[in-house]
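These notebook entries record what I looked up in one structure. I began with its internal space and then turned to the fold, the surface and the charged pairs.

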Amino acid sequence: MRRVWARAPTGAACAGRRGHEAAPQREGRAPGGRRAPPRVGAGPNGVGSWQRDKLDHAGIADLVDATVVSYEAGAHKPDPAPFERAESALPADRRVMIGDSEEADVGGARDRGWEAVHVAGPDDVPDAIDAIR
């Protein structure tokens, strides 16, 4: 998993896994009382088809529950629109943005009350994920 995430594009909103539509909301506990796995969303700025192709190429599209692309949300981050769309797609009690833009990713996320971690690039993503666990 570490290797896959090292190639992952940044700007992924970690709230929560698969495809382009929101997966059904998971309960807080998995069968047997185990904690449910986190849901993961990708939130890149840009054109939807191109951004989804990047997720496919990186080999992580099947690890994403929902993809919210800025063009489809009607505005680029740090505008609230992409973050609001992500909140609707992946309901959660805790949201964390891992992003490479201090203004667009980190600033936009914090303006919405999310936690945020700035990374210099894709190689820093695994450590950022470890930091938010």
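Entry 1, the largest cavity. I listed the lining of the largest cavity and found twelve residues, with Gly43, Val68, Lys77, Pro82 and Phe83 nearest its centre. I bear in mind throughout that the model is predicted. The volume of this cavity comes to about 70 Å³. I sorted the lining by class and noted eight nonpolar residues, three polar and one charged. Which helix gives the most to this lining? I found that helix H4, residues 80-89, does so with three residues.

Entry 2, the fold. I counted six helices and five strands in the protein. Reading along the sequence, I wrote down the order α-β-β-α-β-α-α-β-α-β-α. The chain has 133 residues, and I recorded 47% of them as buried. For the surface I noted about 7,300 Å² exposed, of which carbon and sulfur atoms supply 49%.

Entry 3, Lys77. I returned to Lys77, having met this residue in the cavity lining. Is Lys77 buried or exposed? Its relative accessible area is 8%, so I entered Lys77 as buried, the cut-off being under 20%. I then looked for its partner and found Asp105, the two side chains meeting in a salt bridge at 2.6 Å from N to O. This pair links distant parts of the chain: Lys77 sits in the loop between helix H3 (70-73) and H4, Asp105 in helix H5 (residues 102-111), and 28 residues separate them. Asp105 has a relative accessible area of 3% and is therefore buried as well.

Entry 4, other salt bridges. A search of the whole structure gave me seven salt bridges. Among them is the pair Glu84 and Arg112, whose side chains meet at 3.4 Å, N to O. Here too distant parts of the chain are linked, with Glu84 in helix H4 and Arg112 in the loop between H5 and strand E5 (115-118), 28 residues apart. I classed Glu84 as partly exposed at a relative accessible area of 37%, and Arg112 as partly exposed at 32%.

I next examined Arg133, which forms a salt bridge with Asp130; the closest N and O atoms are 3.4 Å apart. Arg133 is exposed, at 73% relative accessibility, whereas Asp130 is partly exposed at 38%. Which residues do shared partners join into one network? I identified Glu84, Glu87 and Arg112, joined by salt bridges that share partners.

Entry 5, a surface patch. I noted a nonpolar surface patch of about 360 Å², made by Val47, Trp50 and Tyr71. Val47 lies in the loop between E2 and helix H2 (48-58). Why can Val47 contribute to such a patch? Patch residues need over 30% relative accessible area, and Val47 meets this because its value is 39%, which makes it partly exposed.

Entry 6, Arg39. Where does Arg39 lie? I placed Arg39 in the loop between strand E1 (12-14) and strand E2 (41-42). With a relative accessible area of 6%, Arg39 is buried. I also checked its position against Pro91, 52 residues away along the chain, and found their C-alpha atoms separated by 9.2 Å.

Terms used
Residues numbered from 1 in each chain as written. Predicted model: local features only at pLDDT ≥ 70, side-chain atom pairs only at ≥ 80, totals over all residues. Heavy atoms only, no water. Helix = DSSP H or I, 4+ residues; strand = E, 2+ residues; numbered from the N terminus. Buried < 20%, exposed > 50% of the residue type's maximum accessible area, 1.4 Å probe, protein only. Areas by Shrake-Rupley, 256 points an atom, 1.4 Å probe, with all protein chains shown as cover. 1 Å grid on protein atoms, 1.4 Å probe; cavity = no way out; pocket = protein on both sides within 12 Å on 5 of 7 lines; lining within 4 Å. Points joined across faces, edges and corners; volume = space filled by probe spheres on them. Nonpolar A, V, L, I, M, F, W, Y, C, P; charged D, E, K, R; others polar. Patch = residues over 30% accessible without salt bridge, like charges linked within 9 Å, V, L, I, M, F, W, Y side chains within 5 Å.
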